[in-house]
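I opened the model to work through it one item at a time. These are my notes, in the order I looked things up.

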Amino acid sequence: MQLPPRLGWYAAHLLVVAACYYVGARLGLLQALVNDQVTPLWPPTGVAVLALVLGGLRMWPGIAVGAFVVNATLGELGTTVLIGAGNTLAPVAAYLLLRRVGFRAELDRTRDALALVFVGAFAGMAVSATVGSGALLATGAITRGDFWSTWTVWWTGDALGVLVFVPLVLALRTLRRRPRPTRRWLEAAALVGSTAVVMAVATTHDLRLMYLVFPFLIWAALRFQHAGTAPCALIAATLAARGAAMASGPFAGLDLVVRMVTLQAFNGTVVLTALLLSAAIAERNAARAAIERTVAQLADVVSQYQPLLLGEGAGLPLKPPEERGKSEER
């Protein structure tokens with residue numbers, strides 16, 4: 001039986017969401033810290049929130065299928081169902097909360113940046129962390145003493161997936177296809193490369209220099225706005241998560257909970273700084289463009305009514321300044 005065209009497209013979109021969720025999960029599991037399935041960076045949450053923001057609530061079956069398939073390869077059926085349900089409910093809750101506060105995908109307002117960090121990532125992902133950690137505890141996969149460390153890693157990974165991947169994809173959607181000067185591309189390449197080098201050094205040495213990434217975020221916001229800060233934030237957060245997973249650099253010698261708290265504080269600060277700066281500059285540019293349009297409109301109005309303002313009569317050509325002066329003397 002052949003599906004109707006609209007239903008066929010809907011099914012295809014769900015399959016794409018499920019496939020992207022699965023691929024992101026396999027990448028995230030490379031750094032699993034607890035029970036081979038709890039990781040400090042979980043890209044599928046970013047995929048899920050993006051699917052809901054761009055496609056609406058009807059995309060949730062694709063998220064559910066992807067979550068079930070991923071978890072089916074990691075544990076028993078009961079655990080798979082519970083964790084899959086939590087992994088589906090968290091993005092749905094985040095999406096509903098974002099829609100409630102009026103979130104816009106353009107990320108061109110400071111309120112959108114704050115909503116994505118605190119509502120979409122921190123608040124929404126607490127659902128999956130609670131359900132997932134509770135499922136592992138109920139099935140005996142972890143002990144009661146390991147619950148909060150597991151919860152912390154789970155929440156950090158899910159929130160980080162939202163913080164780094166959602167802004168990046170939304171930034172790519174706003175890019176316009178137009179020719180750019182070569183020096184512009186060279187500056188962008190230098191920005192991305194410098195950010196990667198600084199973070200690679202800061203997360204592998206005990207010098208505690210991760211704060212050096214902030215000048216590069218400011219550079220990105222001033223010169224490229226959201227399209228520049230999103231990839232820089234992705235690089236910084238990914239390398240920081242790798243350092244936390246390997247307990248290297250500034251994360252060396254810290255226990256698991258402290259590492260996750262440090263990682264979440266750093267990543268939240270990085271993403272929030274990047275988004276707020278980009279949104280503030282975007283708002284400034286929009287205000288400037290609005291003022292320029294208003295000035296241009298006022299100039300058109302003045303040019304149309306200039307004859308009346310000078311007392312020469314509507315629709316009559318203006319006299320040269322010399323003749324107007326002679327008329328006044330008479």
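**Cysteines.** How exposed is Cys 20, by relative accessible area? I read 39% for Cys 20, so I put it down as partly exposed. The model is a predicted one, and I keep that in mind for every entry. I looked up Cys 232 next and found a relative accessibility of 0%, so it goes down as buried. A disulfide would be a covalent bond between the sulfur atoms of two cysteines. I searched for disulfides and the structure holds 0.

**Overall make-up.** I counted secondary structure elements and got 12 helices and 0 strands. Read along the sequence, the pattern is therefore α at every place, α-α-α-α-α-α-α-α-α-α-α-α. The chain has 330 residues, and 42% of them are buried. I computed an accessible surface of about 17,400 Å² for the chain. Carbon and sulfur atoms account for 65% of that surface. I then took the contacts with a sequence separation of 6 or more and asked what share joins residues 24 or more positions apart. That share is 72%.

**Record check.** I looked up the UniProt entry, which is unreviewed. Under "transmembrane region" it lists residues 12–34, 46–69, 81–101, 113–142, 154–173, 185–203 and 265–282. I checked two of these spans against the model. Residues 81–101 are 95% helix and 0% strand, with end C-alpha atoms 30 Å apart. Residues 154–173 are 100% helix and 0% strand, and their end C-alpha atoms lie 29 Å apart.

**Helix α1.** I picked Ala 12, which is found in α1, residues 5–28. Its relative accessible area is 33%, so I list Ala 12 as partly exposed. I asked how far Ala 12 is from Gly 62, given that they are 50 residues apart in sequence. The C-alpha to C-alpha distance is 9.6 Å.

**Helix α4.** This helix covers residues 77–100. I took the distance from its first C-alpha to its last and got 34 Å for 24 residues, close to the 34 Å expected at 1.5 Å a residue. Leu 96 lies in α4. With a relative accessible area of 37%, Leu 96 is partly exposed. I also looked up its distance to Gly 120, which is 24 residues away along the chain, and found 9.0 Å between the C-alpha atoms. Just after α4, Gly 102 takes a positive phi of about 80°.

**Helix α8.** I repeated the length check on α8, residues 182–202. Its 21 residues should span 30 Å at 1.5 Å a residue, and the end C-alpha atoms are 30 Å apart, which agrees. Which residues of α8 are buried? I noted Glu 187, Leu 191, Thr 195, Val 198, Met 199 and Ala 202. Seen down the axis of α8, these buried residues fall within an arc of 95°, so they line one face of the helix. An α-helix has 3.6 residues a turn, so residues three or four places apart point the same way. I then turned to the other side of α8, where Thr 182, Trp 185, Leu 186 and Val 197 are exposed.

**Helix α9.** For α9, residues 213–224, I ran the same check on length. The 12 residues should span 16 Å, and the end C-alpha atoms are 16 Å apart, which agrees. I list Val 213, Phe 216, Leu 217, Ala 220, Ala 221 and Phe 224 as the buried residues of α9. They cover an arc of only 140° around the axis, which puts them on the same side of α9.

**Positive phi outside glycine.** Where does Gln 225 sit? I placed it in the loop between α9 and α10, the latter being residues 226–246. Gln 225 comes just after α9. It has a positive phi of about 55° although it is not a glycine. At 21% relative accessibility, Gln 225 counts as partly exposed, since the cut-off for buried is under 20%. I made a second entry for Ala 247, whose phi is near 55°, again positive in a residue other than glycine. Ala 247 lies in the loop between α10 and α11, with α11 at residues 256–309. Its relative accessibility is 30%, so I count Ala 247 as partly exposed.

Notes: Residues are numbered from 1 along each chain as its sequence is written. This is a predicted model: local features need pLDDT of at least 70, side-chain atom pairs count only at pLDDT 80 or more; totals for chains, interfaces and linings use all residues. Side-chain values use heavy atoms; hydrogens and water are left out. Helices (H or I, at least four residues) and strands (E, at least two) are DSSP runs, numbered from the N terminus. Buried means under 20% relative accessible area, exposed over 50%, partly exposed in between (1.4 Å probe, protein chains only). Contact means heavy atoms within 4.5 Å. Accessible areas come from the Shrake-Rupley method with a 1.4 Å probe; for residues, only the protein chains shown count as cover. UniProt positions are given in the numbering used here, feature names are shortened, and annotations may be inferred rather than shown by experiment. The expected span of a helix is 1.5 Å times one less than its number of residues. The arc is that of the directions from the helix axis to the C-beta atoms. A disulfide is a pair of cysteine sulfur atoms within 2.5 Å.
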